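Thanks for coming. I have one structure to go through today, and I will keep to a few local features and some totals. Please look at the display first.

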Amino acid sequence: MDDLIKYAPDLLAGFLENVKLSLICGALALVLGTVLVAARVAPTPVLRAAGTLYVNVVRNTPLTLVLAFSSLGLSDTIGLTFSETPSTNSFWLVVFGLSAYTATFVCEALRAGINTVPLGQAEAARAIGLTFLQSLRLIILPQAFRTVVAPLGSVMIAMIKNTTVAIAGGYLMESAFRMRDTFDDTGVSIPIFLGLVVAFMAVTLPVGFVTSRLASKLAVAR
Amino acid sequence: MSTNILFDAPGPRGRLRNNVLTLLSVVVLAAAAYYVYARFDAKGQWEGEIWKPFLDVSTWTEYIIPGLLGTLKAAGISAVCALVFGAIFGLARLSDHRWVRGVAGAVVETFRAIPLLLLIFFLFFLAPSVFGGGDYTLIALVAGLTLYNGSVLAEIVRAGVRAVPTGQAEAAQAIGLRKSQMMRLVLLPQAVTAMMPAIVSQLVVLLKDTALGYIIAYVDLLNMGFKLIPAVYFGSLIPAAIVIGVIYIALNMSLSALANWLERRTRHSNRTAAQPITPPVDTGAGIPA
């Protein structure tokens with residue numbers, strides 16, 4: 001217990017990095033995922049193929065490899081840098097990798113949602129002369145989003161938990177690394193582990209609760 | 001709704017618009033691809049020299065195949081343990097005794113909510129202080145994967161048994177079967193068929209999650225391919241990443257294809273009265289690290 005109290009400020013600072021990563025990656029992944037799903041249902045075969053290729057490649061690659069590749073490959077070898085400060089640079093590399101990875105799951109969730117929109121909706125949209133983008137923006141996506149609030153919440157929870165993999169991207173400020181660092185100093189400490197678990201649950205459980213409430217509130221009556 | 005319903009068979013204006021869109025997207029995608037190619041080329045990543053190690057048999061026999069075996073070993077052991085764990089705790093959650101249900105529920109819900117990497121780190125540091133010195137990378141990885149994926153599988157088992165229509169259980173009771181007989185002879189055989197696709201999907205997640213072993217230096221495909229090969233063949237980092245990436249993608253896609261095939265088969269199966277179940281979504285299950 002003493003260990004937990006002694007290291008609490010350090011671990012809390014680390015956990016806040018996880019929260020920061022989650023917020024930024026969550027927003028980026030939602031945007032990128034929506035763009036991807038638009039590509040995957042586009043009337044242009046080239047866009048559909050590109051979207052499918054991206055989703056299948058990135059989704060089937062382990063996140064550890066995605067992040068390690070962003071850091072060691074893209075940054076160190078190819079020279080993609082976001083900032084001169086190493087820790088800021090690796091922060092944005094992790095944001096890059098984690099958003100690119102999570103976006104594929106957002107895309108798949110949304111695509112499942114699009115498949116639940118009844119045929120008549122798309123037909124009606126075409127009948128009143130909406131173009132593809134208009135019908136997607138005004139008719140299809142709003143209904144699709146409402147049906148996949150719960151799965152999207154699930155994707156977000158997984159992403160919050162995945163921020164701990166930031167270590168693989170060389171970002172050494174967040175809580176999983178700090179926990180390992182602390183264990184190197186003091187040996188294993190059950191209170192520290194449980195403290196972090198509770199901290200993560202304090203974020204993921206409300207996300208799950210709110211999204212499932214929202215899901216039933218927003219559900220489209222059919 | 002299939003996606004091609006979103007747009008009509010286009011008329012002249014629609015065709016023109018689609019052609020313009022196609023042309024634009026080809027230009028944009030080609031420009032992006034060329035930009036990536038040029039950035040890689042500027043750093044000499046397409047030089048034959050750094051790709052040559054992958055034409056060598058020894059690279060495969062000494063690094064990639066042993067690494068792949070390490071990954072498959074961790075995934076295989078974890079899969080078996082997780083299935084056992086999932087079966088026990090899934091059935092315990094369906095128990096008629098409230099305390100058994102409560103304990104199993106608490107265990108399953110907790111392990112599902114813990115970030116897997118934190119759990120693996122914890123077990124990795126816990127093992128030496130309990131069992132004394134030694135190499136615990138495999139044990140920590142397998143234990144972490146088992147506890148996490150086993151908990152998800154427990155939920156799948158529970159959902160699978162619940163997906164069997166109540167008439168089946170009532171019929172079993174009506175012909176005088178005991179609780180254990182009803183479970184063993186009527187409910188489980190149908191539930192297993194219904195949950196097979198979900199189980200295979202979760203095993204894909206498990207296989208991908210073994211890559212977390214890289215972080216605790218377990219010798220798997222990622223470690224061999226991404227740490228050792230670039231250390232031995234200087235400069236081959238990007239080719240190594242691409243080669244092992246392709247191996248991972250091939251492995252995962254073939255397992256996913258198996259899951260899809262099983263699901264299609266279950267939908268038309270007369271071996272079960274239950275529909276194939278989808279994995280529980282509330283805690284990010286089914287989405288690997």
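I will use the word "buried" a good deal, so here is the cut-off: a residue is buried when its relative accessible area is under 20%, and exposed when it is over 50%, with partly exposed in between. Also note that this is a predicted model.

Let me start with chain A as a whole. Chain A has 9 helices and 0 strands. Its C-alpha trace spans about 70 × 45 × 25 Å along the principal axes. Of its 222 residues, 52% count as buried. If you take the contacts in chain A between residues at least 6 apart in sequence, 78% of them join residues at least 24 apart.

Now to one helix, α3 of chain A, residues 63–78. How is α3(A) placed, enclosed or not enclosed by the rest of the structure? It is largely enclosed, because 12 of its 16 residues are buried. The buried ones include A:Leu63, A:Thr64 and A:Leu65 at the start, and A:Ile78 at the end. A:Gly73, A:Leu74 and A:Ser75 are also among them.

What covers these buried residues of α3(A)? In chain A, the cover includes α4 (86–116) and α7 (149–162). Chain B contributes as well, with α1 (12–42), α9 (221–232) and α10 (237–267).

The helix is not straight. α3(A) has a kink of about 35 degrees, centred on A:Phe69. Its end C-alpha atoms span only 20 Å, whereas a straight helix of 16 residues would span 22 Å at 1.5 Å a residue. After α3(A) comes A:Gly79, with a positive phi near 90 degrees.

Next, a helix pair in chain B. In general, two packed helices are described by the angle between their axes and the distance between the axes. For α3(B), residues 57–92, and α10(B), the angle is about 35 degrees and the axes are 12 Å apart. The crossing of α3(B) past α10(B) is right-handed. From α3(B), the residues B:Trp60, B:Ile64, B:Leu68 and B:Thr71 meet B:Val243, B:Ile247, B:Tyr248 and B:Leu251 of α10(B). By class, that contact has 7 nonpolar residues, 1 polar and no charged ones.

Last, a backbone detail. B:Ala217 is not a glycine, yet its phi is positive, at about 65 degrees. B:Ala217 sits in the loop between α8 (179–209) and α9 of chain B. Is B:Ala217 buried or partly exposed? Its relative accessibility is 43%, so B:Ala217 counts as partly exposed.

Terms used:
Residues are numbered from 1 along each chain as its sequence is written. Chains are lettered from A and ligands numbered from 1 in the order in which they are written. This is a predicted model: local features need pLDDT of at least 70, side-chain atom pairs count only at pLDDT 80 or more; totals for chains, interfaces and linings use all residues. Side-chain values use heavy atoms; hydrogens and water are left out. Helices (H or I, at least four residues) and strands (E, at least two) are DSSP runs, numbered from the N terminus. The expected span of a helix is 1.5 Å times one less than its number of residues. The bend at a residue is the angle between axes fitted to the seven residues ending there and the seven starting there. Buried means under 20% relative accessible area, exposed over 50%, partly exposed in between (1.4 Å probe, protein chains only). Contact means heavy atoms within 4.5 Å. Axes are lines fitted to C-alpha atoms, for helices over the stretch in contact, and angles run from 0 to 180 degrees between N-to-C directions. A crossing is left-handed if the near helix is turned anticlockwise from the far one by less than a right angle, and right-handed if clockwise. Ala, Val, Leu, Ile, Met, Phe, Trp, Tyr, Cys and Pro count as nonpolar, Asp, Glu, Lys and Arg as charged, and the others, Gly among them, as polar.
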